[in-house]
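Hello,

Here is the structure we talked about. Please open it first and then read my notes underneath.

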Amino acid sequence: MKFKLSAFALTAAFAFAAPAQAQTEIQWWHSMGGALGEWVNDLAKDFNASQKDYKIVPTFKGSYAESMTAAIAAYRAGNAPNIVQVFEVGTATMMASKGAIVPVAKVMTDAGLKFDPSVYVPAVAGYYTAPNGQMLSFPFNSSTPVFHYNKDAFKSAGLDPEKPPTTWPEVALAAAKLKASGHKCPFTTSWISWTQLESFSAWHNVLYATKNNGFGGLDTRLAFNSPLHVRHIENLANMAKSGLFVYKGRDNAADATFVSGECAMATASSALAGSVKRNGKFAYGIGTLPYYPDVPGAPQNTVIGGASLWVLSGKKPEEYKGVAKFFQYLSQPQVAAASHQRTGYLPVTKASFEMTEKSGFYKQNAGYDVSVNQMVRKTTDKSRGVRLGNFLQIRTIIDEELEGVWRGAKQPKEALDEAVKRGNEQLERFEKANKS
């Protein structure tokens, strides 16, 4: 009798200890570090806790350029992730990678989930949509350049902390007052090409490149050496000579100098707001991107930045279903609204923007709606965005040429002409490689 009971107990114990059905793992490679990395990890954790069938596994893969390169190499080796976060600069390259990606619209419909592209913010969704109207990637963390300023520094310099400069002449005047009050870095900027040429062009309703900035065909060529572009870089060069503009390096290197209080004003991604909110030790303000008031049509609208989520091919059907469920989760108004409010990235959907507005968030956090308002203005063919092949290489060329200007080694027109010439060589290569 004792033996029978023991055997029964043992059998029961094994039965209860038997593992549940294994979860399907979804590998997600991203480029979010610091506070934004914590946000990504929290999204994955919350989604995983919301259901039992799928497990999102986020992995930090370095900078945007590094993660994109790593994903391409992994795809060629047959061990790519399910999802990779790619910055907007890589959009044309991903679009041209036929066979390597599965359009997000197809992923959603194949999974039997309702998918309506119209629920997403038009200026954002449109950038990641093919000419045939199919959305190719999920607009995860979209941003746009805005003007960040230190209200405490403004007070010390005798400037009105509630009135940020809105024009470039006003920026120069504010920088001069900040310098006179003892600030060694009155103004800086991140992402030179994105803020001072790409968004600058759209904001002033002038072309950055022909063929509607690349949307009209692969035979696009660069056009950012116009008299207006030269004038702007000349003004920044003069500010640099006077110590009013301090160049802090490529990409987002300047971000840390604003958050620390070293630099008083900066043009940078709207997503910098989350970091300032968390780590800044000063009263903080957000203004619109500056413009030249004598340019007809300015200001127009700024262009998209940040990144989207691309789904790679060659995976199992169940994995794609998990990806679709995750994207559906991210699109929920409350999830998207919380992400927007936490990070400063644009709201993914119109419903998440409306939810944020109704909650009173923008009234309590002045300036957080600037990025949205800049993006939802009526766009023109000149201001829709910039979508070029070999765009990463072009941005590197621009950095190299303009660094010569900031050092005083090159004239602005010479640098822009050379950047256009070298950049066009990259566009010609991309056109030849993708003509079919």
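The notes below start with the whole chain and then turn to its aromatic rings.

This is a predicted model: local features need pLDDT of at least 70, side-chain atom pairs count only at pLDDT 80 or more, and totals for chains, interfaces and linings use all residues. Residues are numbered from 1 along each chain as its sequence is written, and side-chain values use heavy atoms, with hydrogens and water left out.

The whole chain: 54% of its 436 residues are buried (under 20% relative accessible area, 1.4 Å probe, protein chains only). The C-alpha trace spans about 95 × 55 × 35 Å along its principal axes. Contacts are heavy atoms within 4.5 Å. Of those between residues at least 6 apart in sequence, 77% join residues at least 24 apart.

The rings: there are 27 aromatic pairs. Rings of Phe, Tyr and Trp (its six-membered ring) pair if their centres lie within 6.5 Å; planes under 30 degrees apart are stacked, over 60 edge-to-face, the rest tilted.

Look at tyrosine 208. Its pair with phenylalanine 224 is tilted, with 5.0 Å between centres and 35 degrees between planes. These two residues are 16 apart in the chain. Tyrosine 208 is buried, at 0% relative accessibility. Phenylalanine 224 is also at 0% and buried. Tyrosine 208 pairs with phenylalanine 391 too: centres 6.3 Å apart, planes at 50 degrees, so tilted. That pair ties together parts 183 residues apart in sequence. Phenylalanine 391 is buried, at 1%.

One aromatic cluster includes Trp28, Trp39, Phe138 and Tyr345.

Best wishes

Terms used. Buried < 20%, exposed > 50% of the residue type's maximum accessible area, 1.4 Å probe, protein only. Helix = DSSP H or I, 4+ residues; strand = E, 2+ residues; numbered from the N terminus.
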